[in-house]
Amino acid sequence: MNALEMLREDHDAVIGMLDKLRDGAGGAEGSMTERKRLATALVIAESRHEAAEERVVWPVVRRMVEGGDALADAAIKQESDSKALLRDIDAGDAGSAEFERALAEFDVAAREHIEFEETLVWPSLRETVNGQQLAAMGNELELARWTVPTRPHPRASAKAGVQKTLGAVASAVDRTRDRMTGRHKDAP
């Protein structure tokens with residue numbers, strides 16, 4: 001599977017989770033546990049997705065796409081802002097005002113970010129990167145998914161080199177915490 005196909009699958013999964021949460025999944029009393037579980041799955045999926053993009057996609061966009069620095073900078077800014085919301089969702093109790101506020105803000109931000117990527121970045125990437133390169137990027141993304149953090153780290157640098165080194169450390173810590181708390185069971 002090439003990189004854009006993988007990213008599209010991730011986007012569709014995130015939108016699906018957001019739709020369920022927006023439609024009130026887990027909203028009834030007694031089912032807040034299910035709402036929190038779904039929100040945790042969203043946080044894990046989105047954290048892995050963004051970290052993998054930072055490691056694989058944005059460096060290619062910077063190198064290969066005309067105006068790639070500006071596109072990557074804008075996307076990374078959006079992602080950084082979203083990580084703070086994801087952190088609030090992850091730390092919050094389902095149904096609390098802070099949790100619901102962060103979730104509503106993330107819903108809007110995620111949809112805008114996906115639209116930005118799919119309408120502004122991907123067409124330019126398709127024009128400059130051939131099918132073989134997209135397939136190679138897909139392989140890198142698949143490998144990255146297993147070595148990137150599962151929690152948002154809003155203060156971490158989005159630079160690919162930092163993601164490969166400090167990101168690996170953060171990933172190990174996140175995955176250990178996930179196993180100790182059972183959070184890994186919510187991973188998509």
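# Exercises on a six-helix model

In this protein, residues 24 or more positions apart account for 77% of the contacts with a separation of 6 or more (a contact means heavy atoms within 4.5 Å). The model is a predicted one, in which local features need pLDDT of at least 70, side-chain atom pairs count only at pLDDT 80 or more, and totals for chains, interfaces and linings use all residues. Residues are numbered from 1 along each chain as its sequence is written, and side-chain values use heavy atoms, leaving out hydrogens and water.

## Exercise 1: The overall picture

Task: find how many helices and strands the protein has, and what percentage of its residues count as buried.

Solution. Start with the elements: the protein holds 6 helices and 0 strands. Helices (H or I, at least four residues) and strands (E, at least two) are DSSP runs, numbered from the N terminus. Along the sequence, the pattern therefore reads α-α-α-α-α-α.

Next, turn to burial. Of the 188 residues, 47% count as buried, where buried means under 20% relative accessible area, exposed means over 50%, and partly exposed lies in between (1.4 Å probe, protein chains only).

Finish with the surface. The accessible surface comes to about 9,300 Å², and 55% of that belongs to carbon and sulfur atoms. Such areas come from the Shrake-Rupley method with a 1.4 Å probe; for residues, only the protein chains shown count as cover.

## Exercise 2: Three helix pairs

Task: work out how α2 is oriented to α3, how α2 is oriented to α4, and how α1 is oriented to α5.

Solution. Two packed helices are described by the angle between their axes and the distance between the axes. Axes are lines fitted to C-alpha atoms, for helices over the stretch in contact, and angles run from 0 to 180 degrees between N-to-C directions. Angles under 35 degrees count as roughly parallel, over 145 as roughly antiparallel, 65 to 115 as roughly perpendicular and the rest as oblique.

Step one: α2 (residues 32–64) packs with α3 (residues 68–91) at an angle of about 160 degrees, the axes being 10 Å apart. The two are therefore roughly antiparallel. Their crossing is left-handed, a term for a near helix turned anticlockwise from the far one by less than a right angle (clockwise would be right-handed). The contact residues divide into 11 nonpolar, 3 polar and 11 charged. In this sorting, Ala, Val, Leu, Ile, Met, Phe, Trp, Tyr, Cys and Pro count as nonpolar, Asp, Glu, Lys and Arg as charged, and the others, Gly among them, as polar.

Step two: the axes of α2 and α4 come within 12 Å and cross at roughly 30 degrees. That pair is therefore roughly parallel, and α2 passes α4 in a left-handed crossing. Among the residues in this contact are Arg35, Leu42, Glu50 and Glu53 of α2, and Glu100, Leu103, His113 and Val121 of α4. By class, the contact of α2 with α4 has 11 nonpolar, 3 polar and 7 charged residues.

Step three: α1 (residues 3–22) and α5 (residues 131–145) have axes that come within 7 Å and cross at roughly 45 degrees. These helices are therefore oblique to each other. From α1, the contact includes Leu4, Met6 and Leu7, and from α5 it includes Leu134, Met137 and Gly138. The classes here are 7 nonpolar, 1 polar and 3 charged.

## Exercise 3: Residues of α4

Task: decide whether His113, Leu103 and Glu100 are buried, partly exposed or exposed.

Solution. Take His113 of α4 (residues 97–128) to begin with. Its relative accessible area is 3%, so His113 is buried. Leaving out residues up to four places away in sequence, His113 touches Glu50, Glu53, Ala75, Gln78 and Glu79.

Leu103 lies in α4 as well and, at 5% relative accessibility, is buried. Beyond its neighbours within four places, Leu103 contacts Leu18, Leu21, Arg35, Leu42 and Ile89.

Glu100, another residue of α4, is partly exposed at 26%. Not counting residues up to four places away, Glu100 touches Arg35, Ala94 and Gly95.

## Exercise 4: A loop residue

Task: locate Val65 and say which residues Val65 touches, not counting those up to four places away in sequence.

Solution. Val65 sits in the loop between α2 and α3 and counts as buried at 6% relative accessibility. With that sequence limit, Val65 touches Val60, Leu71, Ser124, Leu125 and Thr128. To finish, check a distance: the C-alpha atoms of Val65 and Val121 are separated by 8.7 Å, although the two residues are 56 apart along the chain.
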